Amino acid sequence: MTTPAEIFPLVVPANEDGTAFEGFLTLPKAGSLRTALWMRLSDVPLSHKSLQGAKLECSRELSDLLEGCEDTIEARMGDSPDVTSFFLELRNILDKLLRFRPPLEPPPSSFYTGLISEIDDVGWERLDWLCLNLSALHIRICDAAGRDHILKVQLPAAYPEAAPLVTAQLPEQVKLPPWQPGSSGLQDLVRHHELAIASLQDLWACLEDLDREAWVLEPEKPTRADVSRRIALGGHCSLLLELDPERPRTRPAELRLLGSEAAAAPMRARLRAADAAPWDASMLPRENLERLLQMKLPTRATSAPDDISGDCCICYAYRLPTEPAVGGAASLGEAPDQSCGNPRCARPFHGRCLREWLQALPTSRRSFNTIFGECPYCSQPITVTAS
Ligand SMILES: [Zn+2]
Ligand SMILES: [Zn+2]
């Protein structure tokens, strides 16, 4: 088992109860940076579930180095179950930064003249942000529908021979040409992204129509990289669909009904019967769904939340939280997979929640691997496997 001391040997506990650590971070490959940078971590919560709320103080050199990463560090703190995990995350962040930040000796003057002329080509008016030492910049791309896209570019010291690190909100299916040293640099980069963004216009139009005209349950805050949506159909039933970024108006490959069988079965039958009235690629996906399901999709304006969510009616969550694996992020928990068989109730439950609920009731019986009991809402008979 790794200990904090193995990650940062010069950072030591600063009190007896283990809520504060202080010392020097030793950095390999730190260029001319002083290789030991002071830090202090205090107010570490003792719950050992997350470091949320802990306070990180840094020397000036260290905070200069971490500039712009404050949100990431805060998020990692929230995700880290203990100090060791957080130190590992912090070391990863520092490793990445040191790789992409230029060393303190300035890069050759050609780096600056080259970069300035590349920004001239792109247009200074499209520059959304520029890091003081020119090691990172954001470029704004406005698309035909007036959406703003921000291209975040980090430049390694060896740029343009070494490839820049680029992040943009694009679906993962979108592949961009690899970096070519000696190409027209930023201008090429922007052009490739403009082409990709232009090709995704209809995808975003279809998804925005769903976001506006349906009740999207997941993702809670869709980004332009998300091509799937889980939309509410009412009656504790929802539909998961994933659009093809290249052909967003064709019938989605993923079209999965979730929720109680009583509510989902008639919907499934209508989708299957779609052979008689096939998917019409000239219409929006939402219009096709409404036509095939023979219903207007519920929206937040037209429906009551308790009928919509598909959340488990015992724990009131959709995803049952899972314990994060050591060093990994919490995976998406399981969705409700049980439901009351009474069509007028049809409430969804997580198997685990229903099992715990029924096991706690004296009226429940167990026979072999099945627990027989009553639905917590309508008291009609309900069963769940015991393990
Ligand atoms: Zn539950
Ligand atoms: Zn029921």
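**Close-up 1. Arginine 230 and its bridge partner in the sheet β9-β10-β11-β12 of this predicted model.** Arginine 230 has leucine 240, a residue of β11, as its bridge partner. The two strands that pair here are β10, covering residues 228-234, and β11, covering residues 237-242, and they are joined in the antiparallel sense over 6 bridges. They belong to an open sheet of 4 strands, which has the order β9-β10-β11-β12 and antiparallel pairing. The edge strands of this sheet are β9 (216-218) and β12 (254-259), each of which pairs on one side only. On average, and with direction ignored, neighbouring strands of this sheet are turned by 35 degrees against each other.

**Close-up 2. Helix α8 against the sheet that contains β10, β11 and β12.** Helix α8, which is made up of residues 261-272, lies across the three strands β10, β11 and β12. Relative to β12, the helix α8 runs at about 155 degrees.

**Close-up 3. The open sheet β1-β2-β3-β4.** This view shows an open sheet of 4 strands in the order β1-β2-β3-β4, paired in the antiparallel sense. Because β1 (11-13) and β4 (55-58) stand at the edges and have a single partner strand each, one side of each is left without a neighbour in the sheet. Neighbouring strands of this sheet are turned against each other by 20 degrees on average, with direction ignored.

**Close-up 4. Bridge partners from β1 through to β4.** Strand β1 pairs with strand β2 (residues 21-26) in the antiparallel sense over 3 bridges, and proline 13 has phenylalanine 21 of β2 as its bridge partner. Between β2 and strand β3 (residues 36-42), which run antiparallel, there are 6 bridges, and here glycine 23 stands opposite methionine 39 in β3. Strands β3 and β4 are paired in the antiparallel sense over 4 bridges, where methionine 39 has cysteine 58 of β4 as its bridge partner. Methionine 39 can thus be followed from glycine 23 to cysteine 58.

**Close-up 5. The site of the zinc ion (ligand 1).** The protein donors of this zinc ion are Cys312 (SG), Cys315 (SG), His350 (ND1) and Cys353 (SG), which lie 2.1 to 2.3 Å from the ion. The site of the zinc ion (ligand 1) is tetrahedral, with angles of 97 to 119 degrees among its 4 donor atoms. Along the chain, the donors of the zinc ion (ligand 1) follow the spacing C-x2-C-x34-H-x2-C. Cysteine 312 lies in the loop between α10 (305-308) and β13 (338-339), whereas histidine 350 lies in the loop between β14 (348-349) and α11 (351-359), so the pair ties together parts that are 38 residues apart in sequence. Both cysteine 312 and histidine 350 are buried.

**Close-up 6. The site of the zinc ion (ligand 2).** Here the protein donors are Cys340 (SG), Cys345 (SG), Cys375 (SG) and Cys378 (SG), lying 2.2 to 2.4 Å from the zinc ion (ligand 2). The arrangement is tetrahedral because the 4 donor atoms around the zinc ion (ligand 2) subtend angles of 98 to 115 degrees. In sequence, the donor residues of the zinc ion (ligand 2) are spaced C-x4-C-x29-C-x2-C. Cysteine 340 lies in the loop between β13 and β14, and cysteine 378 in the loop between β16 (370-374) and β17 (381-385), so the pair ties together parts that are 38 residues apart in sequence. Cysteine 340 is buried, with a relative accessible area of 1%, whereas cysteine 378 is partly exposed, with a relative accessible area of 24%.

Key. Residues are numbered from 1 along each chain as its sequence is written. Chains are lettered from A and ligands numbered from 1 in the order in which they are written. This is a predicted model: local features need pLDDT of at least 70, side-chain atom pairs count only at pLDDT 80 or more; totals for chains, interfaces and linings use all residues. Side-chain values use heavy atoms; hydrogens and water are left out. Two strands pair if DSSP finds at least two bridges between them. Axes are lines fitted to C-alpha atoms, for helices over the stretch in contact, and angles run from 0 to 180 degrees between N-to-C directions. Contact means heavy atoms within 4.5 Å. Donors are N, O and S atoms within 2.8 Å of the metal (3.2 Å for Na, K and Ca); water is not among the atoms, so sites may look incomplete. Four donors count as tetrahedral if all angles lie between 85 and 135 degrees; four count as square planar and six as octahedral if opposite donors are over 155 degrees apart and all others between 65 and 115; anything else is irregular. Buried means under 20% relative accessible area, exposed over 50%, partly exposed in between (1.4 Å probe, protein chains only).
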